[in-house]
Amino acid sequence: MARTLHIIGGGMAGLAAATEAAGCGMHVIVHEAGRACGGRARSYHDRQLDCRIDNGNHLLLSANTTVFRYLALTGATDTLTGPGAPVFPFADLTEDNRWTLTLSSGKVPWWMFMPHRRVPGMRLAELSSLKKLLSAGEDQTVSECLVPGALTRRLLEPFAISALNTPCETASAALLGAVVRDSLAQGGKACIPWYPKTGLSETFVDPALAHLRIMRAEVRTQSRITGLDIARGRVTALHTGGGDPITLTEEDRVILAVPPQVASSLLAGRVDGFTAPDEAESILNLHFVLQEAPIPTGSFARCGFMGLVGSVAEWVFLRDNILSVTVSAASRFAERDQEELIRTIWHDLRRACDPVLQSPLPANPLRQRPVWEKRATFAATPAQNHLRPGPATSLVNLALAGDWTATGLPSTLEGAMRSGVKAVHTLGLYA
Ligand SMILES: Cc1cc2nc3c(=O)[nH]c(=O)nc-3n(C[C@H](O)[C@H](O)[C@H](O)COP(=O)(O)OP(=O)(O)OC[C@H]3O[C@@H](n4cnc5c(N)ncnc54)[C@H](O)[C@@H]3O)c2cc1C
């Protein structure tokens, strides 16, 4: 009988692990609890809006090399779109100002010396914030490293809150430093923004499933693993909640690629040294459907998205007749009156978008839909960062994966996929 690699969880970490392991000589089975794979990066038909949407806007940077490798392996690179250059349009609603940040492609940041390409009002002295982030200690927060000024308010704070999904006052400076090291510090070539042309599933899930079919890997949806049997320092069986447990041979391996609270419920107190982050942060995505597709102009047209400063939301994306905004670290808005929050965001959107659309937005959208992801990411604080485990466990045939494991990055697609690949290698499997 072929040796089997069981991957529990069909999110980005699990699919990246499966893609990496397919062809390594083991039979690969992905067990996904949901009806479809994708986890926190998925598309679905929303009945209220009567159209297909993503659970949340996802932005990638060209620095995300593991993601690009996964897309190349699964033949999905062409499903991304973006300006093809390190260009980011912004609107500041507090000071009624707009600009397009245009980074230089090489490592030398010439853009900082060109007023039409840099953040308006920034002082070169503020660049010391970047230096502080790059050398931040493990217990420092982002706020402790940021020098007050326009660069901080108009770029570094929005960048930090989007990348870490945690307020700057509590977010880990070391984690933001890791993102800066991979992106801004490498120059514009590493900062080219990309996002799915059609939807998250069309980019990250469907091509991977087609690839896994060809590689004879098995993907079982609606297959929740409810318990693991552990004996003699290894996982010996998987429980599925119905039917007989799946018995593992000495040769079989398991990658647990589920969210931290699920991993804790399966392993805490049973596996020596296991810890996991236990505080989460939410993200709110608000989708506004319009009667007609607005026609953008200038760099909003080129990019398809825009950064918002001085607004509840940080980003707006335009896809056909849908405007979607992302509100990061959204737990702070959970208690606010939801109708009033939606009205405020729509009001902000009209102010931000009208000057860069051929015709202004209507007073009200046709339909709208807030999507709260209450456990979008772990809270990227220094304390939570310390709780992230590495891929290896005290059980010889079990490795951990997921954006919450010790990837050195915040909860991101890059972190999730990196963890999946690392888990495969930790088990000694190579294609
Ligand atoms: C709204 C939103 C916006 C985001 N924006 C960005 C962005 O712009 N850029 C970026 O890089 N990242 C972004 N992220 C983060 C990114 O989506 C996540 O880091 C990544 O998808 C996490 O993947 P994962 O596989 O680690 O976890 P998950 O996606 O949570 O996957 C775990 C899977 O395990 C399954 N599962 C759970 N329990 C069981 C069980 N018992 N048995 C079997 N299966 C089980 C779940 O159903 C799920 O499919 C965003 C996240 C959200 C929510």
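**Bridges, rings and a covered helix**

Mentor: Let's start with one residue pair: E281 has T377 as its bridge partner in β19. Keep in mind that this is a predicted model.

Trainee: How do you know that β15 and β19 count as paired?

Mentor: Pairing takes at least two bridges between the strands. Strand β15, residues 280-289, is joined to β19 by 9 bridges, so the two strands pair. They run antiparallel.

Trainee: Which strands make up the open sheet, and in what order?

Mentor: There are 7 strands, in the order β8-β7-β16-β17-β18-β15-β19, with mixed pairing.

Trainee: What makes β8 and β19 edge strands?

Mentor: Each has a single partner strand, so one side of β8 and one side of β19 (367-378) have no neighbour in the sheet. From one strand to the next, the twist averages 25°.

Trainee: Which helix packs on this sheet?

Mentor: That is α10, residues 338-353. Helix α10 touches β7, β8, β15, β16, β17, β18 and β19, and its direction makes about 65° with that of β15.

Trainee: Now the rings. How many aromatic pairs are there?

Mentor: The count comes to 9.

Trainee: Why is the pair of Y195 and F317 called edge-to-face?

Mentor: Their centres are 5.5 Å apart, and the limit for a pair is 6.5 Å. The planes make 80°, and edge-to-face means over 60 degrees, so the name fits. Y195 sits in strand β9 and F317 in strand β17, 122 residues apart. Both Y195 and F317 are buried.

Trainee: And why is the pair of F288 and W346 called tilted?

Mentor: Here the planes are 45° apart. Stacked needs under 30 degrees and edge-to-face over 60, so 45° falls in the remaining class, tilted. The centres are 4.8 Å apart. Since F288 lies in β15 and W346 in α10, this pair ties together parts 58 residues apart in sequence. F288 and W346 are both buried.

Trainee: Which residues form the aromatic cluster?

Mentor: F88, F90, W99, Y195, F305, W315 and F317 do.

Trainee: What sits over the ring of W372?

Mentor: The charged end of K374 does, 4.6 Å from the ring centre. The distance limit is 6 Å, so 4.6 Å meets that part of the rule.

Trainee: How do you know that the length of helix α12 agrees with what is expected?

Mentor: Helix α12 covers residues 413-426; at 1.5 Å a residue, its 14 residues should span 20 Å, and its end C-alpha atoms are 20 Å apart.

Trainee: What makes α12 mostly covered?

Mentor: Of its 14 residues, 10 are buried, among them L413, M417, V421 and V424. The cover includes α1, β5, α2, α7, β14 and β20. After α12 comes G428, with a positive phi near 80°.

Trainee: What is unusual about the phi of D96?

Mentor: The phi of D96 is positive, about 50°, although D96 is not a glycine. Most residues other than glycine have a negative phi. R216 is a further case, at about 65°.

Trainee: Where are they, and why are D96 and R216 called exposed?

Mentor: D96 is in the loop between β7 and β8, and R216 in the loop between α7 and β10. Exposed means over 50% relative accessible area. D96 has 65% and R216 has 71%, so both count as exposed.

Technical notes. Residues numbered from 1 in each chain as written. Predicted model: local features only at pLDDT ≥ 70, side-chain atom pairs only at ≥ 80, totals over all residues. Heavy atoms only, no water. Helix = DSSP H or I, 4+ residues; strand = E, 2+ residues; numbered from the N terminus. Buried < 20%, exposed > 50% of the residue type's maximum accessible area, 1.4 Å probe, protein only. Axes fitted to C-alpha atoms, helices over the stretch in contact; angles between N-to-C directions. Contact = heavy atoms within 4.5 Å. Phe/Tyr/Trp six-rings, centres within 6.5 Å; stacked < 30°, edge-to-face > 60°. Lys NZ or Arg CZ within 6 Å of the ring centre and 35° of its normal. Expected span 1.5 Å × (residues − 1).
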